[in-house]
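Visitor: Please take a close look at one buried acidic residue and its contacts, and then set it against the rest of the chain.

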Amino acid sequence: MMTMEDDCRDGDDDGKLSAKVETAAFPIVEARVRHYRWDVKYEYKSPDCFQKLVMTINGGTPGPTILAQQGDTIVVELKNSLLTENIAIHGHGIRQAGTFMYHGHYGMQREAGLYGSIIVSLPSGASEPFAYDYDRTIILNDWFHKSTYEEATGLSSIPFVWVGEPQSLLINGRGRYNCSLLANPSLGACNVTNPECSPHVVTVIPSKTYRLRIGSLTALSALSFQIEGHNFTVVEADGHYVEPFVTKNLFLYSGETYSILVKANQDPSRNYWMTTSVVGREPKTPTGLAILNYYPTHFRKSPSTVPTTGPAWNDTAPRLAQSLAIKSLQDSIHTPPPTSDKTIVLLNTQNKIDGHVRWSLNNVSFSIPHTPYLIALKEKLNLSHVFEQKPPPETYDFNNYDIYSVAKNVNATSSNGLYRLKFNSTVDVVLQNANTMTANNSEIHPWHLHGHDFWVLGYGKGKFDITKDVAKYNLVNPIMKNTVPVHPFGWTALRFRADNPGVWAFHCHIESHFYMGMGVVFESGVEKVAKLPSSIMGCGETKSYHRP
C-alpha cells in the first residue's frame with residue numbers, strides 16, 4: 001500500500017510530499033531506497049486526438065513507471081502544481097512482487113489522467129515459475145471529453161445527468177477519436193495527425209516470448225483485450241501466480257492486473273492489431289487500437305486487416321467462465337482459513353436519496369466524513385462529532401428481496417459509519433448484485449479492497465444461498481486478488497484476514513459509482529498504528545493538530 005496525500009491542509013509552498021512503501025515481508029540484503037520526483041499539473045494534451053486539460057506527471061499520462069525489487073523502499077517526492085486541487089495517490093495492490101498500479105484517489109483524478117504502473121521484481125536469486133524473453137507493460141483506460149468537474153456536477157444534480165459512455169479507449173494513453181463527429185471539427189480541437197494519439201506500438205522479435213503486464217484503470221468500462229492471430233497464456237493476476245490457461249481474449253475489470261505470455265510465432269512480414277473493446281455495456285465507443293510490430297517490419301505500418309471487435313458485449317457466459325478459471329498456481333497456493341469469524345453480505349443496488357441518484361450497499365449509501373477515520377480513531381477525538389457510530393448493516397432481507405426486479409421502494413439512506421473488525425480475524429464478504437432502477441438491468445461492479453489481498457472463494461448466478469453456496473466454496477486453490485468483479489445478477493464471495501492495522505476502503509472501482517456512494521470502510525488494529533505525523537492533519541476536526 002502506497003498513499004501520497006495532500007487533502008485539506010495548506011501545505012508547503014512547493015506542495016512537496018513523500019511516501020514510502022515496503023514491499024517485502026522479510027529482509028533482503030540487496031534492498032535499496034529508490035527515489036522518484038514527480039511534478040503533477042494540468043496540461044493540454046490530445047490522448048485520443050481531441051485536445052483537453054489532462055492531469056500529468058512530469059508532463060505525461062500515464063505517469064512514470066515505478067520499478068522496484070521486492071524489499072525495496074520507494075520514496076516519491078511529489079510537487080503539487082495544480083492551481084486549485086489537492087492530490088491523493090493510491091498505490092493499488094503492492095503486497096509482494098508482481099504487477100501493480102498507482103492512481104489518483106482524490107475526487108475523480110484517476111479519470112483525469114493521474115495514473116501509472118508499478119512493477120516489483122523478485123529478490124535476487126529467485127525465479128518466476130514461467131519463462132519469457134522480454135517484459136512489456138500496458139495500461140488500458142477509457143477516455144471522456146468532459147472534465148471530471150462536469151461529470152461530478154451532473155452526478156450530483158437534480159435532474160440526474162449521467163456521464164454517458166466514453167468517447168475513446170486508450171492503450172498506454174493513446175487512442176483515436178473520430179474528429180468528424182464533432183459539431184464543428186474545423187475549430188482545431190481535434191487533430192488526427194497529432195503524434196500524441198498515434199497508436200501505441202509493441203515491437204517483438206520473431207520466435208521470442210513476451211510477458212505483457214496488462215492493467216485496467218477504466219473509469220467505467222469492463223474490457224476485453226485481444227491480439228490478432230495470437231493466443232496467449234495467463235500466468236499472473238493482481239500479483240499472484242495463476243494456474244496457466246490459454247485464451248484468445250482477456251476480460252479485465254477496472255483495478256485488475258494480469259500477466260500474459262505471448263509467443264511471436266506468426267508471419268513476421270506484417271504487423272498485427274492489439275485491440276480492446278467494451279463488454280457488459282452496450283458499446284458506443286470505438287475499439288481501442290495498438291500495433292504488435294514484428295521486427296524488422298516498420299513499426300508505423302498499420303495492419304491491412306480489419307481490427308477485431310472482440311466478443312459480444314452482452315454475452316456473460318465467457319466472462320463468468322474466465323472468473324471461474326482463475327485458480328492459484330499449485331506451487332504458490334496460500335491456503336485460506338477454513339472458516340470465517342464474520343460474514344458480511346453486501347447487496348449492490350441503485351437508489352435515490354432526497355431525489356439524488358445513488359449507489360448503495362444494503363440500502364445504505366456511503367458518504368465521506370470531513371475528518372479522516374484513521375486520525376479520528378488514533379487521536380481519540382470525540383467520535384460522535386466525526387462519523388456515525390452505528391455500523392452499516394451486515395446483511396439484507398435475503399428472503400424477501402427480489403434481485404431481478406426494480407425495488408418496490410428505491411429510497412435509501414446515507415451513512416459514514418464503518419465496520420470495526422477484530423484484528424487478525426477472518427472475514428467473509430459476499431457481494432450480491434441486483435437489478436438497477438432500470439428494468440432488466442444489472443451492471444458489472446469491480447470491487448477493490450485497500451490494504452489487503454483476499455481469497456476469491458466463488459462466483460455464482462442468481463441469489464446467494466447462505467447455506468448451500470458456502471458448501472461450494474473453493475478452499476483448495478483459490479486465487480488471491482485485490483480486485484474482483486461481481487457479475488450481473490450474480491454473486492462473488494471473498495475471504496480476507498484483517499491483519500493490516502488501519503482503516504481501509506472497500507469500494508466499486510468505477511469512478512462514478514464510488515462517487516455516488518458505492519463503498520464501505522473496514523477498521524482493525526488502529527491501536528497498533530505508529531504515531532501519526534502532524535503534517536497529515538488539517539481536515540475536519542484535526543485542524544488544530546496541524547503543525548507545518
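Guide: The residue chosen is Glu-228, which sits in the loop between strand S14 (222-227) and strand S15 (232-237). The model is a predicted one, and the values below are computed from it.

Glu-228 has a relative accessibility of 16% and therefore counts as buried, the limit being under 20%. Leaving aside residues up to four places away in sequence, Glu-228 touches Arg-270, Tyr-272, Trp-273, Pro-303 and Thr-305. With one of these, Arg-270, the contact is also polar: the side chains of Glu-228 and Arg-270 are joined at 2.9 Å.

A second buried site can be set beside this one. His-103 belongs to strand S8 (residues 98-104). Its relative accessibility is 1%, so His-103 counts as buried. Residues up to four places away in sequence again left out, His-103 touches Ala-88, Ile-89, His-90, His-92, Arg-110, Leu-114, Tyr-115, Leu-217 and His-509. The side chains of His-103 and His-92 make a polar contact of 3.3 Å. For distance along the chain against distance in space, take His-103 and Gly-255: they are 152 residues apart in the chain, and their C-alpha atoms are separated by 9.9 Å.

The figures for the chain as a whole give the setting. The protein chain has 548 residues, of which 57% count as buried. Among contacts with a separation of 6 or more, 77% are between residues 24 or more positions apart. The secondary structure consists of four helices and 33 strands. The radius of gyration is 23 Å, which agrees with the value near 24 Å that a compact globule of 548 residues would have. Along the principal axes, the C-alpha atoms fill a box of roughly 70 × 60 × 60 Å. The accessible surface of the chain is about 23,100 Å², and carbon and sulfur atoms hold 52% of that area. As for charge, there are 48 positive and 50 negative charges, and their mean positions lie 2 Å apart.

Some loops carry backbone features that deserve a check. Most residues other than glycine have a negative phi, and most peptide bonds are trans. In the loop between strand S4 (52-57) and strand S5 (66-69) is Pro-62, and the peptide bond from Thr-61 to Pro-62 is cis, with omega near 0°. Asn-58 lies in the loop between S4 and S5 as well. Asn-58 is not a glycine, yet its phi is positive, at about 55°. With 44% relative accessibility, Asn-58 counts as partly exposed.

Another cis peptide bond joins Ile-158 and Pro-159, with omega of about 5°. Pro-159 is placed in the loop between helix H1 (148-155) and strand S11 (168-171). A further positive phi, near 70°, is found at Asn-424. That residue, Asn-424, lies in the loop between strand S25 (419-420) and strand S26 (426-432). Asn-424 is partly exposed, its relative accessible area being 45%.

To return to the starting point: Glu-228 is a loop residue that counts as buried at 16% relative accessibility, and its side chain has a polar contact with that of Arg-270.

Definitions and conventions. Residues numbered from 1 in each chain as written. Predicted model: local features only at pLDDT ≥ 70, side-chain atom pairs only at ≥ 80, totals over all residues. Heavy atoms only, no water. Helix = DSSP H or I, 4+ residues; strand = E, 2+ residues; numbered from the N terminus. Rg over C-alpha atoms; globule rule 2.2 N^0.38 Å. Buried < 20%, exposed > 50% of the residue type's maximum accessible area, 1.4 Å probe, protein only. Contact = heavy atoms within 4.5 Å. Areas by Shrake-Rupley, 256 points an atom, 1.4 Å probe, with all protein chains shown as cover. Lys, Arg positive; Asp, Glu negative; His and termini not counted. Charge placed at Lys NZ, Arg CZ, Asp CG, Glu CD. Polar contact = N/O pair within 3.5 Å; in protein donor to acceptor, adjacent residues only side chain to side chain.
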